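Colleague: Could we go through this model together? I should like to ask about the sheets and then about the pockets.

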Amino acid sequence: MPPRQALNSYTEWDPLNEVVVGTLAGGVFPTWQESMAHVVPETARSVFQERGGLPFPAEHLKAAEAELEALADTLTAEGVRVVRPEPMEHQRPFRTPAWESTGGLYAGMPRDLLMVIGDILVEAPMSWRCRYHEVDAFRSLIKSYFRRGARWLPAPRPQLADELYRTPGGDLANGDRWAVTEFEPVFDAADFLRFGTDVVAQRSHVTNQFGIDWVRRSIGEEFTVSVIETNDPHAMHIDATLAPLAPGKLLVHPERYVHSELFDGWDILPAPSPTLPDDWPMYFCSPWVSMNVLSLDPETVVVERQEKPLIEALTDWGFRCVPVDFRHVYSFGGSFHCVTLDTVREGGARKYLA
């Protein structure tokens, strides 16, 4: 008999049975590269340049890890099986013949580097050099899923040579919008969302058309991959612009979202403004990570506890909100959707988009 199917996840909202939750333990500041200038807050650039490869502030990291543990406990209490990555040394420098990095980053955001499409586990070729070995923390899990019947689809290993990157300024000002060229296929898995047999992607400063074309051709004719436009000059990861919560219900960023005919007939809810204080440390992203929620089923959503306007809006929209404190995790570049990888959801392949 063939091995039992280990992965099954076609949407962002079907009832969740199993999920990977990342860990920030041992995380270090990323080694600076110029392509980061297009996406990280200006206040963080000097920090990355000065502290690349050095540990994150211990107390803030400890508080964020406690929030991740609380999320894992909450999901378990909701009946979801939680699995975690292995510990990994992120402070160790590494190099290739073309470049070197003073360290890695963390294993906190599995959504960035892995994507489950049906029973396929896609391994992303990320363009930040410091993340080159990040998937190693998840390697034992990946092999376990494969041995139990899942398909394992690692993208071509990128060279990340200088030819991949546009320098800030001149080239972008002349109409080249993105920090990455078409030198080789690169993408972050978080630039893709799953709608049954439809996969929706965006171009960004970490995802090029070459990468999207590779995904389209590799996952097979069962799936349609569509690229949508967004109004985000700092685009990096689509899940703080769109959050599909149930069939026909789409939470969107009120300024970044550009309507696509794919969502004709869908109920669109602009997310309320985030409530994060202006002086909260944010190394990687904007406070709009508040809308980076996680659906447990078509009626249940995990939301940051202090985002009261969002909780009220989602409750009025018919959802049960599960509040979890997560602001310390915000600082490290993500929220509930980013720090998880939904490996098993009920449901199968069907079409939801126009």
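Colleague: Which residue in β7 is the bridge partner of V122?

Modeller: Please keep in mind that this is a predicted model. In β7, V122 has L153 as its bridge partner.

Colleague: In what sense do β6 and β7 pair, and over how many bridges?

Modeller: Strand β6, residues 120–123, pairs with β7 in the parallel sense, over four bridges.

Colleague: What is the order of the strands in that open sheet?

Modeller: The order is β5-β6-β7, three strands with mixed pairing. The edges are taken by β5 (114–117) and β7 (151–154); each has a single partner strand, so one side of each is left without a neighbour in the sheet. From one strand to the next, the twist averages 20°.

Colleague: Which helix lies across β5, β6 and β7?

Modeller: That is helix α6, residues 209–219, and it runs at about 155° to β7.

Colleague: Let us turn to β1. Over how many bridges do β1 and β2 pair?

Modeller: Strand β1 (residues 16–21) pairs with β2 over three bridges, in the parallel sense. One bridge joins E18 to its partner R81 in β2.

Colleague: Which helices pack there?

Modeller: Helix α2 (residues 58–77) lies across β1, β2 and β17, at about 165° to β1. Helix α4 (residues 139–147) also packs on the sheet and touches β1, β2 and β17; its direction makes about 150° with that of β1.

Colleague: What is the strand order in this sheet, and why is one side of β2 left without a neighbour?

Modeller: This open sheet has the order β2-β1-β17, with mixed pairing. Strands β2 (81–83) and β17 (340–345) stand at the edges, and because each has a single partner strand, one side of each lacks a neighbour in the sheet. The twist here averages 25° from one strand to the next.

Colleague: Now the pockets. How much space lies in the largest pocket?

Modeller: The largest pocket holds about 570 Å³ of space. It is lined by 32 residues, and those closest to its centre are V39, H234, F284, C285 and S286.

Colleague: What kinds of residue form the lining of the largest pocket?

Modeller: The lining divides into 17 nonpolar, eight polar and seven charged residues. Helix α1 (residues 42–51) gives the largest share, three residues.

Colleague: And how much space lies in the second largest pocket?

Modeller: About 260 Å³. Among its 15 lining residues, E123, A124, Y132, V135 and P158 are the closest to the centre. That lining comprises nine nonpolar residues, one polar and five charged.

Note on methods
Residues numbered from 1 in each chain as written. Predicted model: local features only at pLDDT ≥ 70, side-chain atom pairs only at ≥ 80, totals over all residues. Heavy atoms only, no water. Pairing = 2+ DSSP bridges. Helix = DSSP H or I, 4+ residues; strand = E, 2+ residues; numbered from the N terminus. Axes fitted to C-alpha atoms, helices over the stretch in contact; angles between N-to-C directions. Contact = heavy atoms within 4.5 Å. 1 Å grid on protein atoms, 1.4 Å probe; cavity = no way out; pocket = protein on both sides within 12 Å on 5 of 7 lines; lining within 4 Å. Points joined across faces, edges and corners; volume = space filled by probe spheres on them. Nonpolar A, V, L, I, M, F, W, Y, C, P; charged D, E, K, R; others polar.
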